[in-house]
Amino acid sequence: MPAALNDANDLHLISDTIMTATAHAERIRAAKRAEAHEVGIDDTSISLLVDRFYARIQTDDLLGPIFAQHVTDWSQHLPRMKGFWASIMIEPGHFSGSPMQKHIALGILTKAHFDRWLALWHETVTQNVASPAAAERFHTSAHRIADSLLTGVLAQRGGLAALRIRAQKLAPLETKP
């Protein structure tokens, strides 16, 4: 077979693979959107939840001062958080940013901060989300997020040694519900 034909075949295979991967990704996104809709999660419910949660954060004795120091304009921060949660709960693409780097850069966060964040989130979800299935999805996602951020903070601060110490004290990761 001539080299040009092989190249054309190769391009066709690559094109088919990309189209298949794109179609697969779209099917996953559509399923996530449908699941969110089925349990009553939409942009409106996320907006309400985020507004109420961050109103509590701002008045919290432990977390409020941290946010007050680092969030200068809530009118910009809240839409970003709504986009973040929409990306988590409904469909990727509503948020772009680097939450891990932002949390690591604070340099002061501890397990107590993440525990308090989770407690406030849990209370806010319980008070504002009527659907048990939606509430469970919000809780599970928050625990995954807190666990990931805490792991990143500890790894940055103390490397693998910090993670090993944490692992010895826990079974499994402590942010699980």
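## A tour from the core outwards

Start by selecting Ile41, Ile46, Tyr54, Trp85, Trp117 and Phe138: these residues have the most contacts inside the largest nonpolar core, which has 39 residues. A nonpolar core here is a set of buried Ala, Val, Leu, Ile, Met, Phe, Trp, Tyr and Cys residues joined through side-chain atoms within 4.5 Å; buried means under 20% relative accessible area, exposed over 50%, and partly exposed in between, with a 1.4 Å probe and protein chains only. Next, colour the elements that give two or more residues to this core: helix 1 (3–39), helix 2, helix 3 (64–70), helix 4, helix 6 (111–128) and helix 7 (132–169). Helix 7 gives the most, with nine residues.

Before moving on, note that this is a predicted model, in which local features need pLDDT of at least 70, side-chain atom pairs count only at pLDDT 80 or more, and totals for chains, interfaces and linings use all residues. Residues are numbered from 1 along each chain as its sequence is written, and side-chain values use heavy atoms, with hydrogens and water left out.

Zoom out to the whole chain. You should find seven helices and zero strands; helices (H or I, at least four residues) and strands (E, at least two) are DSSP runs, numbered from the N terminus. Of the 177 residues, 32% count as buried.

Now show the side chain of Trp85. Leaving out residues up to four places away in sequence, Trp85 touches Ile46, Val50, Ile90, Trp117, Trp121, Phe138, Ser141, Ala142 and Ile145, where contact means heavy atoms within 4.5 Å.

Two of those partners, Ile46 and Val50, lead to helix 2. Select residues 43–59 for this helix, then highlight its buried residues Ile46, Leu49, Val50, Phe53, Tyr54 and Ile57. Look down the helix axis: the buried residues fall within an arc of 120 degrees (taken from the directions from the axis to the C-beta atoms), so they line one face of helix 2. On the face turned away from that buried side, pick out the exposed residues Thr44 and Thr59.

Select Asp42 next. Asp42 caps the N-terminal end of helix 2, with a side-chain oxygen 3.2 Å from the backbone nitrogen of Thr44.

Finish at Ser87 in helix 4 (residues 74–89). Ser87 counts as buried because its relative accessibility is 13%. Apart from neighbours within four places in sequence, Ser87 is in contact with Lys32, Pro92, Gly93, His94 and Phe95.

Terms used:
Expected span 1.5 Å × (residues − 1). Polar contact = N/O pair within 3.5 Å; in protein donor to acceptor, adjacent residues only side chain to side chain.
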